[in-house]
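Work through the exercises below with the model open. Each task is followed by its solution.

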Amino acid sequence: MTEADHLDLPHAAQARGEVALPGSKSISNRVLLLAALAEGVTDITGLLDSDDTRVMLAALRQLGVRVDDKGEGHVTVGGAMRFPTRQAELFLGNAGTAFRPLTAALALMGGDYRLSGVPRMHERPIGDLVDALRSLGAEVDYLGQAGYPPLHIKAGAPRADAPVRVQGSVSSQFLTALLLASPLLARATGKDVVIEVIGELISKPYIEITLNLMARYGVPVRRDGWQRFTVAAGAVYRSPGRIAVEGDASTASYFLALGAIGGGPLRVTGVDAGSIQGDVAFTETLRAMGATIESGDGWLQSSGVRVAQGERLRAFDADFNLIPDAAMTAAALALYADGPCRLRNIGSWRVKETDRIHAMHTELAKLGARVESGPDWLRVTPPAPGQWRDAHIGTWDDHRMAMCFSLAAFGPAAVRILDPGCVSKTFPGYFDVYASLVSS
């Protein structure tokens, strides 16, 4: 139903039904890399089919890893432990979950590699990770602006003589990358690898995903608070044999939000309250706004108000440091609150697929909301009756902008989503599924 350049959303008043979630992007790309670095073959089911996972799969195949596609999110990966291909030029699109971990793994493995991406990826900082890798003896050069991709990785002499330190306040992906690659160093040097975080670590639930999956592959990590992580000397990844990828909890946020503003009930399957993904905590945000949340084995369900009939959600003032992706959905829901809403501690939005604070500020204002923002916060005052404006919503080549602004169709304004195809990064069929759940 999407057109190449835009999609006009019909006015929506109700939302109900059930949707099977696509696999988690965060889990999918971590599992693929872990499987490639492990002893043995891993049978993976529920793998997300999206731009980001296709980028990772293509890179692993280019690096000589055997990947067999069985269809329907089912792949087998033959663990190579060390990638057979020692020289390659890898194009990694705008996939941070592929670019950062592969940078660390390749830098600590040795070889000659050039890594590049789309122009936006070349604007996303990677200097903190490169500095950490250089301190471990890796050879990494910038091919453009210092601190940013593209990169040239050359064979170095990795060492683990002292703790490696990495900034925690810019992106949790830097720490995830070092953690995932650390067994390569622990095995090569025969020494413990100690990682120390400088400053406050953001997005801690994403690190918990990393630690959980490393343990599944036989490498437990000793954690001292959120400041120090230790991987034991001689650590080796070993395939668990089979692993199932959970449904994506960040994607669940859009559908649970639909139930909260369109009456519901709306059920998502593939994830539940016991998920290893931090974004399931978004259900608490919805409860605080007045939605009813239910859960069971493998599902979550929301019911709520009917904003098209003038009912309103409760306004919020909350810290979203732990769930920055789902926080975008909360920002869109602010359009239907009974007062101003404030999102705090979202500085990581600045270095995502786009500058999400700026993008969200711009697009919410188009609809008639009064928006204020700062370095790490956003304040949204919803449009008063009669102040809503028709809008062409720019998506900024950011899949989450497109998906969260689908919620705007429940307001009185006409909404056009520009470049709806950008959802292919994580959920190519999003707008078709959305249309099957809403009605006027």
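**Exercise 1.** Which residues of helix α12 are buried, and how do they lie around the helix axis?

Solution. Helix α12 covers residues 430-437, and in this helix Tyr430, Phe431, Tyr434 and Leu437 are buried. Helices are DSSP runs of H or I with at least four residues, numbered from the N terminus; buried means under 20% relative accessible area with a 1.4 Å probe, protein chains only. Next, look down the axis of α12: the buried residues fall within an arc of 120°, so they line one face of the helix. The arc is taken from the directions from the helix axis to the C-beta atoms. An α-helix has 3.6 residues a turn, so residues three or four places apart point the same way.

The model is predicted: local features need pLDDT of at least 70, side-chain atom pairs count only at pLDDT 80 or more, and totals for chains, interfaces and linings use all residues. Numbering runs from 1 along each chain as its sequence is written, and side-chain values use heavy atoms, with hydrogens and water left out.

**Exercise 2.** Describe the surroundings of Ser28 in helix α1.

Solution. Start with the position: Ser28 belongs to α1, residues 25-37. Its relative accessibility is 0%, so Ser28 counts as buried. Then list the contacts (heavy atoms within 4.5 Å): beyond neighbours within four places in sequence, Ser28 meets Gly23, Leu47, Leu48, Thr53 and Val245. Finally, the Ser28 side chain comes to 3.1 Å from the backbone nitrogen of Leu48.

Methods
Helices (H or I, at least four residues) and strands (E, at least two) are DSSP runs, numbered from the N terminus. Buried means under 20% relative accessible area, exposed over 50%, partly exposed in between (1.4 Å probe, protein chains only). A polar contact is a pair of N or O atoms within 3.5 Å; within protein, one must be able to donate a hydrogen and the other to accept it, and residues adjacent in sequence count only if both atoms are side-chain atoms.
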